[in-house]
Number of protein chains: 2
Amino acid sequence: MADRIALPPQLSQIPLFQGLPEPALTDILQHSQARRVEKDSFLFMQGDPADHLYVLMEGRAKLCQVTSEGQQVILKFAAPWEMIGGLAIVGGGIYPVCCMVAEDSRVMSWSTTVLEGLLQRYPLIAINATRWMSNHVKETQQLFTQLATERVEQRLAHTLLRLISQMGQEQAEGMALDITLTRQDLAEMSGTTLFTVSRILNQWEKQGLVEAGRERVRVKSPHGLVVIARDLKL
Amino acid sequence: MADRIALPPQLSQIPLFQGLPEPALTDILQHSQARRVEKDSFLFMQGDPADHLYVLMEGRAKLCQVTSEGQQVILKFAAPWEMIGGLAIVGGGIYPVCCMVAEDSRVMSWSTTVLEGLLQRYPLIAINATRWMSNHVKETQQLFTQLATERVEQRLAHTLLRLISQMGQEQAEGMALDITLTRQDLAEMSGTTLFTVSRILNQWEKQGLVEAGRERVRVKSPHGLVVIARDLKL
DNA sequence: TTTGTTCTTTGCGCTAGAGCAAATAGCGGT
DNA sequence: ACCGCTATTTGCTCTAGCGCAAAGAACAAA
């Protein structure tokens, strides 16, 4: 257990713990575990019993789902202070996704057992959990609808817009993404192939919308991508 | 408010109210409203403030999302005793979908205000809500992954399998669906067009897997569809 | 610097499935 | 029985985007 550690201010910003008084946060912190995890390791695999809730303190992680035929889909990237594995809040489940650490990171975690106690002591957590989950449902439904109705180009634009609004870094010209992001990753987020991603990115680069390097993408004109994503002009 | 109405046994089976003692259920029932709704009316529209939780007592409803370009996607059909609009449990949201009544139905509902009180009195409800939501996330993620990785034929098979396991009626030969279900509906559930659905259904009919009529589908061989859905043979 | 590995680009062929239009069929009302 | 409406079928065309293969580029390690 973490002990005599200063209360990190972000703890109160975690969706699950919002609105809790400071003593509760201290209690929560003391029941957490913290550890480093290195790039390319897994916090959990698809099918594992969902027994831990994680919060990323530093680094990046990606949530993937693999089909029985071995095709992989990336459901989302997680940035610091996002929750991962919220399913563990209610015991007895099985992770439907796996979580791969995308760069050297630090996470804190709570076991289902500990969470049960916390839920008992601070009922607000259950409300927060419901709110977080419902938000999650909403996002996933939106992804589904986009995948069902939009062309690849629009979906890729949406994917990049989502990424920069989530963890883009403001720059002189546009926004940069500091994650290692292969064409394959973008394809798995957008429901397409790395070839198509490569072609579209090159085309956009010629139009001055983005700057694409090896495992790196900078969005020079977010507005231009919005135009494409919404299909405002052809 | 419903008053002096016998406690319907299904009430305790609603995910949100599972595990509650009988007095609580009575309390919940007395705070519910019940009404009839007719085919083709809407319980709520996409964008409306999420202020009511519904449970279908009789009939069918479908949850749709419409894109800015006017394309429609059906996220799911609801059968009796399923919850609709769970987002209303946490106040302040906006329905991300609309709910269309697919045939003359009866619903019971609770306003967000009433739910707040119930949550206060019976904290178990919040836990149940979280569990229900997390299940919802899981299902939606699975839909997303299928849409991203499978061919239309597989997705349509999955759609039909989902429908019959949810509300199919056992018959001498296979399972029947008693809902009015157009090719367009199936297309909007599977991320394709009514033309492609029509073609595939005809092909399956020739193979003796299904029987398709106007706004009607019977699955004669669920197992055959599983083979197609999982792409076990070509 | 060299070598190996991994990621990316690009050309080419191909096909699943979209989209349109016209014909047909089923059903409900009169 | 007839009419009108809506759902469905089916032929045809066409294209977005997949998939392969081969070449090229970026990086890391030795």
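This is a short tour of a predicted model, with suggestions for what to select and what you will find there.

Before you click, some ground rules: local features need pLDDT of at least 70 and side-chain atom pairs count only at pLDDT 80 or more, while totals for chains, interfaces and linings use all residues. Residues are numbered from 1 along each chain as its sequence is written, chains are lettered from A and ligands numbered from 1 in the order in which they are written, and side-chain values use heavy atoms, with hydrogens and water left out.

**Stop 1: where chain A meets chain B**

Colour chains A and B separately. You'll find 38 residues of chain A in contact with 38 residues of chain B (contact means heavy atoms within 4.5 Å). The area buried between the two chains is about 3,400 Å², and carbon and sulfur atoms give 72% of it. Buried area here is the accessible area, taken with a 1.4 Å probe, that two parts lose on being put together, summed over both.

Now select T130(A), Q141(A) and F144(A): these lose the most area to chain B, together 19% of what that side buries. Next, pick out β4 (72-78) and α3 (124-149) of chain A, the elements that give two or more residues to this side. Helices (H or I, at least four residues) and strands (E, at least two) are DSSP runs, numbered from the N terminus. The largest share, 19 residues, comes from α3(A).

How many salt bridges cross between chain A and chain B? The rule finds zero. A salt bridge is a side-chain nitrogen of Lys or Arg within 4 Å of a carboxyl oxygen of Asp or Glu. Polar contacts do turn up, in seven residue pairs, both partners at pLDDT 80 or more. Those are pairs of N or O atoms within 3.5 Å; within protein, one must be able to donate a hydrogen and the other to accept it, and residues adjacent in sequence count only if both atoms are side-chain atoms.

**Stop 2: salt bridges**

Over all chains, the structure holds 20 salt bridges. Select D231(A) and R151(A), whose side chains meet in one of them (2.9 Å, N to O). D231(A) sits in the segment after α7 (222-229) of chain A and R151(A) in the loop between α3 and α4 (152-167), 80 residues apart. D231(A) is partly exposed at 31% relative accessible area, and R151(A) is partly exposed at 38%.

Move to chain B and show R218(B) with E173(B): their closest N and O atoms are 3.7 Å apart, again a salt bridge. R218(B) lies in strand β10 (residues 216-219) and E173(B) in the loop between β7 (168-170) and β8 (175-177) of chain B, so the pair ties together parts 45 residues apart in sequence. Buried or exposed: which fits R218(B)? R218(B) is buried, with a relative accessible area of 11%, whereas E173(B) is partly exposed at 43%. (Buried means under 20%, exposed over 50%, partly exposed in between, with a 1.4 Å probe and protein chains only.)

**Stop 3: DNA strand D**

Select strand D and the 16 residues that surround it; the closest are V152(A), T192(A), T196(A), S198(B) and N202(B). A residue counts as near if one of its heavy atoms lies within 4 Å. Sugar and phosphate account for 65% of the strand's atoms that come within 4 Å of the protein.

Zoom in on V152(A), where a polar backbone atom is 2.8 Å from a phosphate oxygen of strand D. For a base instead, show R214(B): one of its polar side-chain atoms lies 3.1 Å from a base oxygen. Finish on α6(B), which gives the largest share of the surface near strand D, four residues.
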